[in-house]
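Please open the structure in the viewer and keep the selection panel at hand. The tour proceeds from the whole chain to individual residues.

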Amino acid sequence: MVREEYISATPGTDVQRPDPQYTYNVGIYGWRKRCLYLFLLLLIIILVVNLALTIWILKVMWFSTAGMGYLQVNSDGLRLEGESEFLYPLHAKEIHSRKDSPLLLQSSHNVTLNARNSDGNVTGRLSVDLDMVQFHSQLFQINSVNFDEKPLFTAHDSDTAIGTEKLRVTGPEGALCEHSVETPLVQGVGEDVKNLTLKLESPTRSLTMNAPRGIHIKAENGDLIGLSHLDIAFHSTNGMIIDAQNLLLPDLLQGTNGESGTSEGLYEICACPDGRLYLSVADVVSTCLQHSRDCQ
């Protein structure tokens with residue numbers, strides 16, 4: 001500190017002030033001052049560089065008031081334009097694409113979609129692998145795009161239901177059913193209706209058709225052929241009706257001539273006016289008229 005002395009004197013008098021014995025300079029001088037200026041200069045340079053980097057990052061990442069780059073934030077959620085890569089799991093309530101473009105999910109290994117409950121447990125999983133598509137859930141259902149949202153395909157542990165009006169099998173080998181099939185109609189469908197062939201075959205087992213209200217077999221433009229290695233048996237409690245103009249049995253065995261009166265165990269087939277068939281004991285002449293009371 002500098003000590004100063006003040007001497008009061010009357011105006012007009014000449015009083016000589018004494019010289020101070022010690023003089024101190026107030027402030028920073030020398031190398032300290034140069035270091036301070038250098039520190040301030042470095043601080044200004046750092047601030048300018050940080051500001052320039054911040055502006056460059058904002059420009060490169062396309063930051064704006066609406067979002068960042070292709071990612072826009074609005075009241076409905078997030079909107080992402082273009083292709084994006086997610087390195088970690090994505091949690092979202094709803095994902096949909098633009099109205100004029102499809103939604104593409106692509107992965108080098110597989111794509112897995114999980115549905116969880118409130119406890120965090122997985123209740124459903126859809127996994128698309130390199131060689132298969134797996135779905136794990138209690139029920140799998142495909143609905144129609146119409147307003148009624150009719151179920152087209154439903155798969156459950158106990159059964160599988162197809163809700164379409166027709167089930168078309170276009171494979172050259174047809175459909176292979178290891179167990180029973182329940183359906184109201186089996187029909188051959190194709191472009192050439194006149195040359196269609198419907199074939200029901202059981203190579204190693206038996207083929208059985210059961211219906212509580214009857215079985216109708218109809219061939220409008222072709223023949224109906226039934227082939228069997230053994231016998232073809234028709235059983236009915238009320239009778240069997242064959243509605244045809246001609247009934248041909250061309251490959252029946254013809255009996256040989258035998259002595260008269262040895263017709264035990266031989267019968268002839270008789271027809272009623274309404275088309276019913278019945279057996280009559282064979283004789284030298286026809287015995288159908290004798291047993292025609294069966295037609296009443």
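**The whole chain**

Begin with the complete protein chain, bearing in mind that this is a predicted model. Colour the chain by secondary structure: 1 helix and 11 strands make up the assignment. Followed along the sequence, the elements appear in the order α-β-β-β-β-β-β-β-β-β-β-β.

Next, display the surface. The protein chain exposes about 29,900 Å², and 55% of that area is supplied by carbon and sulfur atoms. Of the 296 residues in the protein chain, 5% are buried. A contact map gives a further view: among contacts with a separation of 6 or more, residues 24 or more positions apart account for 1%.

**The open sheet**

Now select residues 67-68, 71-74 and 77-80. The edge strands here are β1 (67-68) and β3 (77-80), each of which pairs on one side only, while residues 71-74 constitute strand β2. The 3 strands form an open sheet in the order β1-β2-β3, with antiparallel pairing. In general, strands of a sheet pair through backbone hydrogen bonds. Restrict the view to β2 and β3, which are joined by 4 bridges. Within this pair, Leu71 is found opposite Leu80 of β3.

**The disulfide**

Which cysteines form the disulfide? Select Cys270 and Cys288: their sulfur atoms lie 1.8 Å apart and form a disulfide. A search of the whole structure finds 1 such link. Because Cys270 belongs to strand β10 (residues 267-271) and Cys288 to the segment after β11 (277-281), the pair ties together parts that are 18 residues apart in sequence. The torsion about the S-S bond is -75°, and the link of Cys270 and Cys288 is left-handed. Both Cys270 and Cys288 are buried.

For another cysteine, move to Cys35. Is Cys35 buried or partly exposed? Its relative accessibility is 43%, so Cys35 counts as partly exposed.

**Tyr267 and its surroundings**

Return to strand β10 and select Tyr267, which is placed there. With a relative accessible area of 53%, Tyr267 is exposed, whereas Cys270 is buried. Which residues does Tyr267 touch, leaving aside those up to four places away in sequence? Select Leu279, Ser280, Val281 and Ala282 to show these contacts of Tyr267. To finish, draw a distance between the C-alpha atoms of Tyr267 and Ser280: the separation is 5.3 Å, although the two residues are 13 residues apart along the chain.

Notes:
Residues are numbered from 1 along each chain as its sequence is written. This is a predicted model: local features need pLDDT of at least 70, side-chain atom pairs count only at pLDDT 80 or more; totals for chains, interfaces and linings use all residues. Side-chain values use heavy atoms; hydrogens and water are left out. A disulfide is a pair of cysteine sulfur atoms within 2.5 Å. Helices (H or I, at least four residues) and strands (E, at least two) are DSSP runs, numbered from the N terminus. Buried means under 20% relative accessible area, exposed over 50%, partly exposed in between (1.4 Å probe, protein chains only). Contact means heavy atoms within 4.5 Å. Accessible areas come from the Shrake-Rupley method with a 1.4 Å probe; for residues, only the protein chains shown count as cover. Two strands pair if DSSP finds at least two bridges between them.
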